[in-house]
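Hi,

Here is the structure I promised to pass on. Please have a look at it, and then read on for what turned up.

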Amino acid sequence: MKRARRTVMRRRGGMSGQRVLKTEAVLVGGVVLALLAWEWPSLRREMRIWRMSGGFRAGHRYP
């Protein structure tokens, strides 16, 4: 027995919801990566200062 094939109706010129979500995820990921690359030197500097001031071991010594 053969199964009846259903024809898939596609909207002309439209995008499916999944495709829109994937595109948005790619754009958001690109923006996050760009911001991380832009801020990386300052983040390294802040981490170095934090470590020199004692990090978690400093407790409440510094306001």
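One thing to know at the start is that this is a predicted model. Helix α1 is followed by glycine 54, which has a positive phi, near 115°.

The chain has one helix and zero strands. That helix, α1, covers residues 17-52. With 36 residues at 1.5 Å each, α1 should span 52 Å, and the 49 Å between its end C-alpha atoms agrees with this.

You may want to zoom in on tryptophan 40, which sits in α1. A kink of about 55° lies at this tryptophan, shortly before proline 41. Is tryptophan 40 buried or exposed? Its relative accessibility is 48%, so it counts as partly exposed, since exposed would require over 50%.

Trp40 also helps to make a nonpolar surface patch of about 410 Å², together with Leu33, Leu36 and Leu43. In general, residues three or four places apart on an α-helix point the same way, because there are 3.6 residues a turn.

As for the whole chain, 5% of its 63 residues count as buried. Its accessible surface comes to about 7200 Å², with 61% of that belonging to carbon and sulfur atoms.

Best wishes

How values were computed. Residues numbered from 1 in each chain as written. Predicted model: local features only at pLDDT ≥ 70, side-chain atom pairs only at ≥ 80, totals over all residues. Heavy atoms only, no water. Patch = residues over 30% accessible without salt bridge, like charges linked within 9 Å, V, L, I, M, F, W, Y side chains within 5 Å. Areas by Shrake-Rupley, 256 points an atom, 1.4 Å probe, with all protein chains shown as cover. Salt bridge = Lys/Arg side-chain N within 4 Å of Asp/Glu carboxyl O. Helix = DSSP H or I, 4+ residues; strand = E, 2+ residues; numbered from the N terminus. Buried < 20%, exposed > 50% of the residue type's maximum accessible area, 1.4 Å probe, protein only. Expected span 1.5 Å × (residues − 1). Bend = angle between axes of the 7 residues up to and from the residue.
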